[in-house]
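Trainee: I am new to this structure and do not know where to start. Please pick a single part and go through it closely, then show how the rest relates to it.

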Amino acid sequence: MLLEIVQIGDPVLREKCSEVEEINEEIVALAENMLETMYHAHGVGLAAPQIGRALRMAVIDVSHDPQCVSFMTLNDEDVKMVDQMPLIIINPVLELDGPRAIETEGCLSIRGVRAPVGRPSVVKARFQQLDGSEVVIETDGLLARAFQHEIDHLDGVLFLDRLSPAAKMGIRKQLRSLGV
Ligand SMILES: [Zn+2]
């Protein structure tokens with residue numbers, strides 16, 4: 001089922017989301033619907049507050065570009081990124097590492113706006129999967145960026161908050177047209 005993607009200005013995008021306490025049928029169905037909604041919108045990530053639910057969960061799929069990471073480990077074992085997609089991330093905790101990299105980002109909740117964002121280039125993410133098991137993933141590239149972007153959403157943080165003053169100047173007209 002396609003869900004409505006809420007847009008900037010909706011207060012749910014600024015909420016600090018609550019932990020998912022029990023992975024029940026409702027959460028499984030929500031994850032499926034979030035994936036369908038993300039693919040339909042041609043996104044690589046979607047967080048629960050973006051469909052109006054202030055819960056600490058998100059979905060990610062960056063398999064459209066098999067070269068977008070240089071490595072990925074799952075519980076300390078080397079894995080092929082495309083084999084692990086999509087990811088359903090519940091109650092994630094993030095550790096950041098590596099030099100900062102600047103890449104252009106967009107957001108399904110901020111239509112028509114793309115801007116360069118500096119972020120650490122390597123992440124270690126610990127989260128629960130739909131079956132309740134806890135995993136640790138370490139990776140870089142677009143997947144590291146997607147983890148950071150989506151987990152920011154769970155704390156009410158948007159990529160606009162992470163722009164340099166110059167990057168913010170560069171998109172001021174688009175922001176004004178969105179009423180931001
Ligand atoms: Zn976003």
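Mentor: Two strands are said to pair if DSSP finds at least two bridges between them. With that in hand, the part to look at is the sheet, and strand 7 within it. Keep in mind that this is a predicted model.

Start with the neighbours of strand 7. Strand 6 (residues 110-128) is joined to strand 7 by 7 bridges, and the two run antiparallel. Two places to find on the model are Val122, which stands opposite Asp140 in strand 7, and Phe127, whose bridge partner in strand 7 is Val135. Strand 6 and strand 7 form a hairpin, with 5 residues between them. In the turn of that hairpin, Gly132 has a positive phi of about 90 degrees.

Strand 7 (residues 134-140) also pairs with strand 3, in the antiparallel sense, over 3 bridges. Here Met72 has Thr139 in strand 7 as its bridge partner.

Now step back to the whole sheet. The sheet is open and has 7 strands in the order 1-2-5-6-7-3-4, with antiparallel pairing. Strand 1 and strand 4 stand at the edges; each has a single partner strand, so one side of each is left without a neighbour in the sheet.

Two helices can be placed against this sheet. Helix 1 packs on it, touching strand 1, strand 2 (57-60) and strand 5, and the direction of helix 1 makes about 45 degrees with that of strand 2. Helix 3 packs on the sheet as well, touching strand 1, strand 2, strand 3, strand 5, strand 6 and strand 7. The direction of helix 3 makes about 95 degrees with that of strand 6.

Helix 3 deserves a little more time. A residue counts as buried if 20 or more other C-beta atoms lie within 10 Å of its own. In helix 3, 13 of the 14 residues are buried, so this helix is largely enclosed by the rest of the structure. Its length can be checked too: at 1.5 Å a residue, the 14 residues of helix 3 (residues 141-154) should span 20 Å, and the end C-alpha atoms are 21 Å apart, which agrees. Just after helix 3, Gly156 takes a positive phi of about 75 degrees.

Some loops have backbone details to note. Most residues other than glycine have a negative phi, and most peptide bonds are trans. Asp76 is not a glycine, yet has a positive phi of about 70 degrees. Asp76 is in the loop between strand 3 (72-74) and strand 4 (77-78), and counts as exposed because it has 7 C-beta neighbours inside 10 Å. His42, also not a glycine, has a positive phi of about 60 degrees. His42 is in the loop between helix 1 (25-40) and strand 1 (45-47), and with 8 C-beta neighbours inside 10 Å it counts as exposed. The peptide bond from Met85 to Pro86 is cis, with omega near -5 degrees; Pro86 is in the loop between helix 2 (81-84) and strand 5 (87-107).

Last, the frame around the sheet. The protein has 5 helices and 7 strands, and along the sequence they follow the pattern α-β-β-β-β-α-β-β-β-α-α-α. Among contacts with a separation of 6 or more, 70% are between residues 24 or more positions apart.

Technical notes
Residues numbered from 1 in each chain as written. Predicted model: local features only at pLDDT ≥ 70, side-chain atom pairs only at ≥ 80, totals over all residues. Helix = DSSP H or I, 4+ residues; strand = E, 2+ residues; numbered from the N terminus. Buried ≥ 20, exposed ≤ 12 C-beta atoms within 10 Å, placed from the backbone. Contact = placed C-beta atoms within 7 Å. Expected span 1.5 Å × (residues − 1). Axes fitted to C-alpha atoms, helices over the stretch in contact; angles between N-to-C directions.
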